[in-house]
Amino acid sequence: MCIGKLFQACYHHCARRSRISQHACCQSLHLVLRRNYTSCPYKAVIFDMGGVLLPSPLKLAAEWEVRNCVSPGTIRQAIISGGENRPWTRFMRGELSLAEFLHEFGQQCSKIANSSVPVDSFFSDLTSNTMSKQHPVMTEAIKCIRSEGLKTAVLSNNFYLHSGESFLPLDRKQFDVIIESCLEGICKPDPRIYKVCLERLDVQAKECIFLDDIGENLKAAVQLGIKTVKVDDPDLAIRELEACLSFPLQRSIPYTCSVRPTMEIPKDPLQKYLEHILGAQAEGPLLLRQFSHGQSNPTYYIRFGDHDLVLRKKPPGKLLPSAHAVEREYRVLQALAVSGIPVPKVLSLCEDSSILGTPFYLMEYCTGRIFKDPSLPGLEPSQRREIYAAMNRVLCEVHSVDIKAAGLEDYGKQGNYIQRQVQTWSKQYRATETHPVPAMERLLAWLPSHLPTSPRLSVVHGDFRLDNLVFHPDNPEVLSVLDWELSTLGDPLSDVAYNCLVYYLPSRCDILKGLSDRHLSLLGIPTPEEYFLLYCDHMGIPPIENWNFYMAFSFFRVAAILQGVYKRSLTGQASSATAESSGRQAELMANLGWDFATKEGFRIFKGLSAPKPLSKPFSTQAGPSPFPRRSYATGPCSGSHLVISPEGLPSRVRELHHKLEKFMDAHIYPAEQVLRDHQASQSRWTPHPLIEELKDRARSEGLWNLFIPTENDPDMKYGAGLTNVEYAHLCELMGTSLYAPEVFNCSAPDTGNMEVLLRYGTEAQKQRWLQPLLEGKIRSCFAMTEPQVASSDATNIEASITEGKGVYVLNGRKWWISGSLDPRCQLCIFMGKTDPTAPRHKQQSMILVPMNTPGLTVTRLLTVYGLDDAPAGHGEITFENVCVPQENILLGPGRGFEIAQGRLGPGRIHHCMRLMGYAERALALMKDRVMSRTAFGKPLIEQGTIRAAIAESRVEIEQARLLVLKAAHLMDVVGNKATALEIAMIKVVAPNMALRVIDRAIQAFGAAGLSNDYPLAQFFAWARALRLADGPDEVHKAAIAKMELKR
């Protein structure tokens, strides 16, 4: 039994769940599918907003003029007349505030009409709810376009509202690219804005169709080679667009597309078969479409007369033994329906391969609610809890089926289910293996020796998850359980563990949306522990101890499945157009499985009896985190998985390290003196152009955003997908130069701020701030520390955030705000108190503040040992009645301390990693120096004190590095919380070690070590500063002592 269909949620939709639903309640598709190969010659459709997606502003203007007794054509003339400097165009380019625009536009209109024109009334109507409703025909067309794999974009001449946000009353998830003139500073018909859109879509002009209602805008598009459609009437425009695209844009079947060429089935034999099965009721045309995401058994939607059906068949080609058994699906669906289990109604099984090429069966197409996002957006907390309870109950019903009464005694072998599953998936994995996956090798060896004893026997679903359930449109009731391809007789706990996978995956995981970064109690969703206890209560069984084994097994099985998907994609057999992409996730799932295996090993070890502990417990034995991270054990030796040198890294990361090393040698070190000299020059507050040149070069070589942790970016959309241990080795190398982190877009505070936006930002916040930060176009700062309080305790902060009408008002004084003087710094993340009366850790909030906001003033520069750290600098900032739109708040009021802790996630030890680089570079410079200098008649290298200093430095570096790598490894294996002791220790050890090593190097250099000719003085200043900036030694030592005394 091989399943490629697992994780059809991987691109936020599932063929089989979609085939049952006509009214999905969850958010729309927003991730573009790989294009389906139909006859359509286009790759993207670009829409104007007003007059195309939304009602026409010009038609509104005409109606408004009649209602307000304004001369006809006044508004239109004001919009189109006056050249490039007319108020309307400047407003569209974002050059005028709303107040400025209304004043100038009012004067212009009044002059045209020879009377006063209340343009504020027109603007109010323009942004009203009526004008904000998207044409249904356009919404339907976009669904159809995206279901065919084409990209969609909005290209709009748009403006800012009073809040500072642009007017975009559209569901952003409908579009791959959104281009707004007020954000770009250019507007249609300027050819540059069309080119920006094409570039971001990554398509050529001839591959696009553009819809607009203004002839001048269409003419500019045509001159670039873009196909255009003039929109006077939305319905007529959609018909014209249909003719261009060669597929229908109405009556879309959710998440279906034209049948892919490799998955076509003959219509004539199918129609004859349907006529035979349905009898006299069958008449009318036959519509056949394919569900986009079936990755195992191809699944088709059929509309035949008044019948809506679903067809499931085996894929073509040579298949693995017992794989894709549609006959078994049909049998179990029949049996379970009789037993009262809610399943789709099956109509017919055809085992005659001469009809469609492979066996298939038919079932009814049903309706109901499908929840594709496990966080259940749009529901109340009480409703979410009811949905999870209903899911739990129906799983218990499945596991309670009387096997004998249902006639399923021979549905699977009885006994040794997990053992047989491990053997089966091991064989399947070996049969589809394409490259070494270290974690899979470890699981293959570990699982057989930790099998559970005396498990229960029941019908198991094999693919039980929330998005395989159809719920009642209004009630928390499961109407149908889908996808029984992997069902058999076995251990029911394997279903429960598989059902809990989402708890340990991040919400942005493209394979399957998860809950690991969600606040479950606020959402009303039970924790995995609560969910499992609820299952045990329903079934009347006690909880088990070896839960981690079942989770390890579930991730192992998924990894094997995805490996099969990937292998079949290489031969063209996988039925999903995204199979190749999803199959590449096997290594991620294997590592998650090994994480649980590691935790199970800790549990067993802790349970071993010992007469007396000989030493303190090993720090990794801390209790398991409720949301474990992956295990990133990638060492070459099976007995030890802590990678202590670059040579032990996976080949992909080794190659990155090698490229980084070459880049440092070729470009960074040679540029250091130029950059140091610039920092001492009069022009130091202007970034040196060499930095931007190096950034472009680094990005082109793939050495960009290396810091982004794989747990936040499992599909490597933004960075290199490195673990903490892997990044530690690269970060140390970057730390050998003070300028390197910025070149690779890996410098603080941007790294921490990007992680905050990545984890906690809304889609609008990400588009406005995260994207330019990721691209290195802007910089940012983080404002928490305050001069009047001990800011090492974040709960001490006094700056206020008070609620106003549509805004938050900020007041306070912050200092040591690194990066705030950089002319490229455009964003400040501000931490202040929204509710001083709330519990101590719920008083603070974080909010995004543009640096050009009135009331925000950088009052002075702060120096570190006399160094001003230009062009970034460290500033003191006053916030005086700074008004920020309420939508700029992160997560919500009272969540600031929570975000602050999350901001210290993988980035918690980046400074420690870089300090290793400081020390290594200092020691290397020291050795070069003492081997080339002579004093008192002999080379310095022969002086005993010098040799002792070199030896001490090497010993201390190695000790500290091992502790840094251990902390990084444990963060990967058991999570940040369980690694609190090691993190605190390394924050004390690393800067103090670096200070001693650098000081010895400076002593060996003599006065030259204090100069700007070498990096040692700056290294020393930064290492000393980090004993405060990364938390005072005293705070870390207190935490260490507290944890030690509890041992």
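In this predicted model, Arg192 and Asp190 form a salt bridge, with their closest N and O atoms 2.8 Å apart. Asp190 has a relative accessibility of 22%, so it counts as partly exposed. Another salt bridge joins Glu184 to Arg200, and here the closest N and O atoms lie 2.8 Å apart. Glu184 belongs to helix H8 (residues 181-184) and Arg200 to helix H9 (residues 191-201). The two residues are 16 residues apart, and the pair links distant parts of the chain. Glu184 counts as partly exposed because its relative accessibility is 27%. Arg200 also counts as partly exposed, at 42% relative accessibility.

The count of salt bridges comes to 48. One of them pairs Glu786 with Lys814, at 2.9 Å between the closest N and O atoms. Glu786 sits in the loop between strand S16 (779-783) and strand S17 (800-803), whereas Lys814 lies in strand S18 (residues 807-818), so the bridge ties together parts that are 28 residues apart in sequence. Both ends have low accessibility values: Glu786 counts as buried at 1%, and Lys814 counts as buried at 0%. Salt bridges also form a network. Its linked residues are Glu692, Lys695, Glu742, Asp750, Arg779, Asp822 and Arg824.

Two buried charged residues lack such a partner. Asp491 is found in the loop between strand S15 (488-490) and helix H18 (492-499). Asp491 is buried but has no salt bridge. Its nearest side chain of opposite charge is that of Arg456, 6.2 Å away. The cut-off for a salt bridge is 4 Å, so a separation of 6.2 Å does not qualify. The side chain of Asp491 instead makes a polar contact of 2.5 Å with the side chain of Tyr550. Beyond its neighbours within four places in sequence, Asp491 is in contact with Tyr417, Ile418, Pro452, Pro455, Arg456, Val460 and Tyr550.

Lys833 lies in strand S19 (residues 825-833). Lys833 is buried and has no salt bridge. The nearest side chain of opposite charge belongs to Glu798, at 7.0 Å. A polar atom of the Lys833 side chain lies 3.4 Å from the backbone oxygen of Ile797. With residues up to four places away in sequence not counted, Lys833 touches Thr795, Ile797, Ala799, Ser800, Ile801, Gln843 and Gln844.

The largest nonpolar core has 99 residues. Tyr388, Met440, Trp484, Tyr503, Met551, Phe555 and Met589 have the most contacts inside it. Helix H21 (residues 547-571) gives the most to this core, contributing 14 residues. Around Met440, the contacts are Tyr429, Phe556, Ala559, Ala560 and Ala590, leaving aside neighbours within four places in sequence. A second core is separate and has 95 residues. Leu656, Ile691, Ile899 and Ala922 are among them.

Helix H26 (residues 724-734) is largely enclosed by the rest of the structure, because 11 of its 11 residues are buried. These buried residues include the charged Glu726 and Glu732, together with Asn724, Tyr727, His729 and Cys731. The buried residues of H26 pack against four helices named here in turn: helix H24 (651-679), helix H27 (740-743), helix H31 (910-932) and H32.

Helix H32 (residues 944-974) has 31 residues. At 1.5 Å a residue, H32 should span 45 Å, and its end C-alpha atoms are 45 Å apart, which agrees. Just after H32, Gly975 takes a positive phi of about 95°.

Phe360 lies in strand S11 (residues 360-364). Its relative accessibility is 0%, so Phe360 counts as buried. Phe360 touches Tyr273, Leu311, Arg312, Lys313, Val326, Ser348, Leu349, Cys350 and Ile355, not counting residues up to four places away in sequence. Phe360 and Asn297 are 63 residues apart in sequence, yet their C-alpha atoms are 9.4 Å apart in space.

Definitions and conventions: Residues numbered from 1 in each chain as written. Predicted model: local features only at pLDDT ≥ 70, side-chain atom pairs only at ≥ 80, totals over all residues. Heavy atoms only, no water. Buried < 20%, exposed > 50% of the residue type's maximum accessible area, 1.4 Å probe, protein only. Polar contact = N/O pair within 3.5 Å; in protein donor to acceptor, adjacent residues only side chain to side chain. Contact = heavy atoms within 4.5 Å. Core = buried A, V, L, I, M, F, W, Y, C linked by side-chain atoms within 4.5 Å. Expected span 1.5 Å × (residues − 1).
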